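Please open the structure in a viewer and keep the sequence panel visible. The stops below proceed from the interface to a shared sheet and then to a pair within one chain.

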2 protein chains.
Amino acid sequence: MSRKTQEPAITSVTDLPVEEAKWVTLKKISYVDQVGKPRTWEAASRKTRGKAGVDAVAMGNVLLHPSRPASTMVVIQYRPPLDAYTVEWPAGLIDEDETAEEAAVREFKEETGYDCKVVSVSPPQAADPGLSSANMQLVMVEVRLGEGDEEPEQRLEDGEHIQRVVVPLSEFYDRLVEYSKQERMIVAAKLFHFAAGMHFAKTAGYV
Amino acid sequence: MSRKTQEPAITSVTDLPVEEAKWVTLKKISYVDQVGKPRTWEAASRKTRGKAGVDAVAMGNVLLHPSRPASTMVVIQYRPPLDAYTVEWPAGLIDEDETAEEAAVREFKEETGYDCKVVSVSPPQAADPGLSSANMQLVMVEVRLGEGDEEPEQRLEDGEHIQRVVVPLSEFYDRLVEYSKQERMIVAAKLFHFAAGMHFAKTAGYV
């Protein structure tokens, strides 16, 4: 499905009482700091963390094709918190009884249609440590394509409208910079940082 | 100041009513999606965004010394939302009337003690797009050191306890993996992704 069916539009934004929130909550943390002084901190948390102890996975992916350059698939979707289309790697919340690896394979199939092989699983990382308790793991996956393979169907849930874009790894950073210039588009920080790290390693003289 | 003065400890965590929150808030967003269907989304937001339209900056930094390997400085601090020490690049909120570049130079000086030269400023990036409206810019900075330069004093605000660690860029990724194995420590996702991108560019055969 094209994301151009109709432009999503926000109709209202209201304060959300914490007792009504299902997915996210707001906490006041009281703590004693390094010098024994009592302090407080305001933090957001997800309410959906399961047994894995980690909220989410993102799938850093490489598509390998016999006659095309090594590429990665990014997904573009409307994200209400930003009222914009975001460019991200496929990602999703880990279900109650899943491991990070299981969630990665399941979510990658849902969002991209592809079966993937897990190459590595990162340690848990803090998504936005000054603001929230949210954490995630970066799961690197590989998809090996045959010469004539057709693009598989996505298996999206109701309400998910996710556009897939294949980007050659050699153009990765430049393409994210280009996306950032487009109206109503923003690149996710984790994705941008990974590509910026690749770019830095290739271009900075002293690495 | 050593972070070992005393271990910070949480004394209580309570629901924070949105009307009492000063820094963060919770919003219910009503919107119409791509197929015209009304939907809602729960999101956290910062309440401190100024004229720059961007919440925060992080300083990807390179320290250049005549006789030592090119390095980067990371900061380790206790983060109440995670009840853990995080490893991050120096970062901070952009003040009301500041540009991203000004905030980067000011915050870098406060947290590290060093004057830096701004090398590049990224487009705005979405910090955690499924959860919050928070955004940030990655500002790459350079510090040129002389042979006998002493480490300058930090200029921390009351309550800030930030440990500086210099990591050679050639060891960057491995050191973050090592930090992740330590008790009560977690690496920030943006920093980890940048280092993982460097590692990927250097080690993946097909880039």
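Begin by selecting the residues of each chain that touch the other: the contact (heavy atoms within 4.5 Å) takes 89 residues from chain A and 89 residues from chain B. This is a predicted model, in which local features need pLDDT of at least 70 and side-chain atom pairs count only at pLDDT 80 or more, whereas totals for chains, interfaces and linings use all residues. Residues are numbered from 1 along each chain as its sequence is written, chains are lettered from A and ligands numbered from 1 in the order in which they are written, and side-chain values use heavy atoms, with hydrogens and water left out.

Next, colour the interface by area. Chain A and chain B bury about 8200 Å² between them, with 67% of it on carbon and sulfur atoms; buried area is the accessible area (1.4 Å probe) that two parts lose on being put together, summed over both. Select A:Gln34, A:Glu42 and A:His193: these supply 10% of the area that chain A buries against chain B, more than any other three residues.

Now display the polar links across the interface. There are 6 salt bridges (a side-chain nitrogen of Lys or Arg within 4 Å of a carboxyl oxygen of Asp or Glu) between chain A and chain B. In one salt bridge, B:Asp15 meets A:Lys27 at 2.6 Å, N to O. On the chain A side, select helix α3 (residues 189-203), which gives the most to the surface touching chain B, with 11 residues; helices (H or I, at least four residues) and strands (E, at least two) are DSSP runs, numbered from the N terminus.

Move to the strands that cross the chain boundary. Strand β2 (residues 24-32) of chain A pairs with strand β1 (residues 9-15) of chain B in the antiparallel sense over 6 bridges, where pairing requires that DSSP find at least two bridges between two strands. Within this ladder, A:Lys28 has B:Thr14 as its bridge partner, and A:Ser30 has B:Ser12.

Widen the selection to the open sheet of 3 strands, in the antiparallel order β3(A)-β2(A)-β1(B). Both β3 (38-46) of chain A and β1 of chain B stand at the edges with a single partner strand each, so one side of each is left without a neighbour in the sheet.

Finally, turn to chain A alone. A:Lys51 and A:Asp97 form a salt bridge, with the closest N and O atoms 2.8 Å apart. The pair links distant parts of the chain, 46 residues apart: A:Lys51 lies in the loop between β3 and β4 (56-64), and A:Asp97 in the loop between β7 (91-93) and α1 (100-112).
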